[in-house]
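Student: Could we go through how the helices pack here, and then what sits in the core?
Tutor: Sure, have a look first.

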Amino acid sequence: MATTAQLFEEPFDADEYIERLAWRTPGGGSKGGAEAFDPKRLLEEFENHIEELKQLDEKIQRRVEKLEHQCHREAKEFAHKVQDLQRSNQVAFQHFQELDEHISYVATKVCHLGDQLEGVNTPRQRAVEAQRLMTYFNEFLDGDLRSDVFNNPDKIKEAADIIQKLHLIAQELPFDRFADVKAKIASKYHDLERQLIQEFTAAQRRGEIGRMREVAAVLLHFKGYAHCVDVYIKQCQEGAYLRNDVFEDTAVLCQRVNKQVGEVFSSPETVMSKLIQNIFENKLQAHVREKLDETRHSDVEQYLKNLYDLYTRTTALATKLTEFNLGSDKHTFLSKLIKSIFSSYLESYIDMERDYLRSRGAMILQRYYDSKNHQKRPIGTGSIQELKERIRQCTNLPLGPIIDTHGETFLSPELVVNLLQETRHAFERCHRLSDPSDLPKNAFSIFLLLVDHLCVEHIDYALEIGLSAIPSSDAKNANLYFLDVVQQANSIFHLFDKQFNDQLMPLISSSPKLAECLHKKKEVIEQMEVKLDTGIDRTINCMVGQMKHILATEQKKTDFRPEDENNFLNCLWFLSACFPCFPLCLPTCRQVEHVRKSMDGKNVDTVLTELGVRFHRLIHEHLQQYSYSSMGGMLAICDVAEYRRCAKDFRVPLVLQLFDTLHALCNLLVVAPDNLKQVCSGEQLTNLDRNLLHAFVQLRVDYRSARLGRHFS
């Protein structure tokens with residue numbers, strides 16, 4: 001069995017177990033080769049081993065049954081013990097309840113006995129106290145204060161307690177019989193009160209917190225307690241304001257006093273509130289009045305800056321003071337104190353702000369125009385101006401004399417920055433100084449002033465001057481001056497829009513004034529866009545007018561019908577530099593670049609598309625004025641190729657497509673008559689109107705002789 005037990009090693013593997021058993025059996029393994037293998041011996045060993053395993057299994061089974069029986073027996077014993085413990089615990093709990101009821105009964109008896117003893121003792125104590133007070137009252141009645149308590153300075157606390165009670169009793173006595181004694185008691189009352197206040201003041205100067213607390217506790221029942229607090233507050237401020245910064249000094253003072261007040265007085269929140277109220281109504285109010293009254297009428301700008309600074313620092317100080325115990329409604333308390341100081345100034349704030357912005361904006365504008373030696377032209381308003389504007393929009397004609405601005409746009413980034421800076425400060429002051437209910441209305445009034453100064457008096461005026469400076473479309477030279485005006489006006493309006501979003505929107509976002517502001521902004525934008533569109537359209541007309549002038553002066557009727565075509569062919573490339581396409585393309589490319597620098601965003605493509613379409617229309621109409629020989633057609637193709645290279649600078653697909661089509665149309669001027677129909681059906685021309693193709697073919701000098709019209713019949 002020991003050998004069998006050795007075979008059961010962990011971890012158990014049945015295959016390995018059989019292999020080990022066979023290896024241990026002589027003749028059962030591979031040792032000695034096939035000749036040494038004895039299957040009978042191995043079978044016998046297996047049978048014996050199986051018998052051993054059966055015996056081992058029976059032995060283990062008996063042991064398991066024995067352990068299970070033992071476990072059941074111990075479980076029953078443990079259950080009996082648990083039941084005994086539960087019964088014991090129940091008995092103990094019953095005893096505890098009985099004990100608790102007994103203790104409650106005894107406590108009730110004790111409390112009842114205490115109440116009875118107190119009921120007996122309280123009247124006795126009152127009688128003793130009444131007898132003692134009567135004794136002292138007799139001394140005042142006789143006029144001879146013999147008791148040591150009234151004559152010993154060390155017993156001033158006891159004397160104060162007695163005289164306070166006697167003073168209350170004396171108030172109830174009839175005046176006609178006890179006038180003299182009432183006067184004596186009142187005199188002693190005030191004398192002790194004065195002594196206590198003096199003692200409190202002396203202790204405060206010595207820094208004796210304990211003595212101050214004792215005296216304050218005694219004075220709490222006297223009428224002069226409020227005077228004691230006033231003396232304390234006054235003495236606290238002595239030497240506290242030595243610097244020029246009254247706000248910082250106040251914060252330091254309150255921080256220092258707050259701890260001391262809690263140690264001295266029984267109601268520190270009341271004392272701290274009274275201290276802060278005293279500081280606000282005296283120190284701060286005097287400081288604010290001094291700073292504001294000296295500049296209110298002499299320097300409005302400085303007055304507004306001082307008002308904003310003082311109000312901001314006062315509210316910041318109030319925020320710091322909320323850290324202290326000032327009672328349950330300290331925020332309302334501090335708000336009332338601030339309002340008491342600034343109410344007279346805040347009532348007139350917005351009127352002064354508007355007057356200042358109005359005068360300041362006018363001064364900034366006038367100073368700029370004076371620096372340019374420019375006298376502002378009056379811009380008409382009303383029905384006459386509206387009529388002129390409508391005529392100008394419909395006819396695109398300049399109304400009034402053309403002004404030579406010498407390249408001056410009359411738009412100043414420096415002026416704009418100054419106006420926006422002043423308005424930004426105004427919005428900040430408005431946010432801080434306006435009542436929450438009036439804030440949207442006040443901010444809107446400031447916005448209207450900005451619109452008037454920046455958009456109307458400056459940008460709109462510059463646009464009017466710019467429109468007046470644009471020459472007519474018949475001018476020989478294109479004036480791109482208005483594009484510079486457009487560029488600067490766009491830059492300025494971006495700044496205006498940024499301030500609208502950053503400064504104004506937070507002030508009006510949740511009020512009905514938001515709709516008014518957005519409407520006003522939209523109205524201003526639309527008015528400016530109308531004038532910008534008009535100016536840009538007239539500028540494009542000037543560009544096209546210059547192109548038309550170049551073509552009219554440089555192009556001759558015979559350019560496309562040379563007399564000697566053979567000699568003409570030999571010097572074609574030499575003469576090509578003299579044709580009008582070159583003096584036309586160079587300024588056009590410069591104009592395109594100028595437009596690209598002056599515009600931003602989608603406006604670049606919009607303006608260049610319009611210019612490119614008009615440029616194409618001009619060339620198209622120009623080419624239809626001439627008759628073309630074969631060599632003339634080749635010249636026209638060369639010209640259009642040059643125009644197409646110029647059109648690439650527009651970077652507008654539509655414009656390039658138009659010139660590609662025009663180039664394809666020019667091929668109709670040189671193609672052989674037999675191939676004409678095939679070319680008209682080509683990819684670029686197949687979608688065009690047949691009348692347009694016919695019109696180009698009619699420009700050929702051989703149109704009748706070659707009977708080209710039959711291809712379109």
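Tutor: F247, E248, T250, A251 and C254 of α9 are in contact (heavy atoms within 4.5 Å) with L310, R313, T314, L317, K320 and L321 of α11. Keep in mind that this is a predicted model, where local features need pLDDT of at least 70, side-chain atom pairs count only at pLDDT 80 or more, and totals for chains, interfaces and linings use all residues. Numbering starts from 1 along each chain as its sequence is written, and side-chain values use heavy atoms, without hydrogens and water.

Student: Are α9 and α11 roughly parallel or roughly antiparallel?
Tutor: Helix α9 (residues 246-264) and helix α11 (residues 300-321) have axes 10 Å apart, at an angle of about 10°. Angles under 35 degrees count as roughly parallel, so α9 and α11 are roughly parallel.

Student: And α21 with α22, roughly parallel or roughly antiparallel?
Tutor: The axes of α21 (residues 581-598) and α22 (residues 602-623) come within 10 Å and cross at roughly 160°. Over 145 degrees counts as roughly antiparallel, which makes α21 and α22 roughly antiparallel.

Student: Which helix gives the largest share of the largest nonpolar core?
Tutor: A nonpolar core is a set of buried (under 20% relative accessible area, 1.4 Å probe, protein chains only) Ala, Val, Leu, Ile, Met, Phe, Trp, Tyr and Cys residues joined through side-chain atoms within 4.5 Å. The largest one has 163 residues, with F265 and Y643 having the most contacts inside it. Its largest share, 17 residues, comes from residues 439-469, helix α16.

Notes:
Buried means under 20% relative accessible area, exposed over 50%, partly exposed in between (1.4 Å probe, protein chains only). Helices (H or I, at least four residues) and strands (E, at least two) are DSSP runs, numbered from the N terminus. Axes are lines fitted to C-alpha atoms, for helices over the stretch in contact, and angles run from 0 to 180 degrees between N-to-C directions. Angles under 35 degrees count as roughly parallel, over 145 as roughly antiparallel, 65 to 115 as roughly perpendicular and the rest as oblique.
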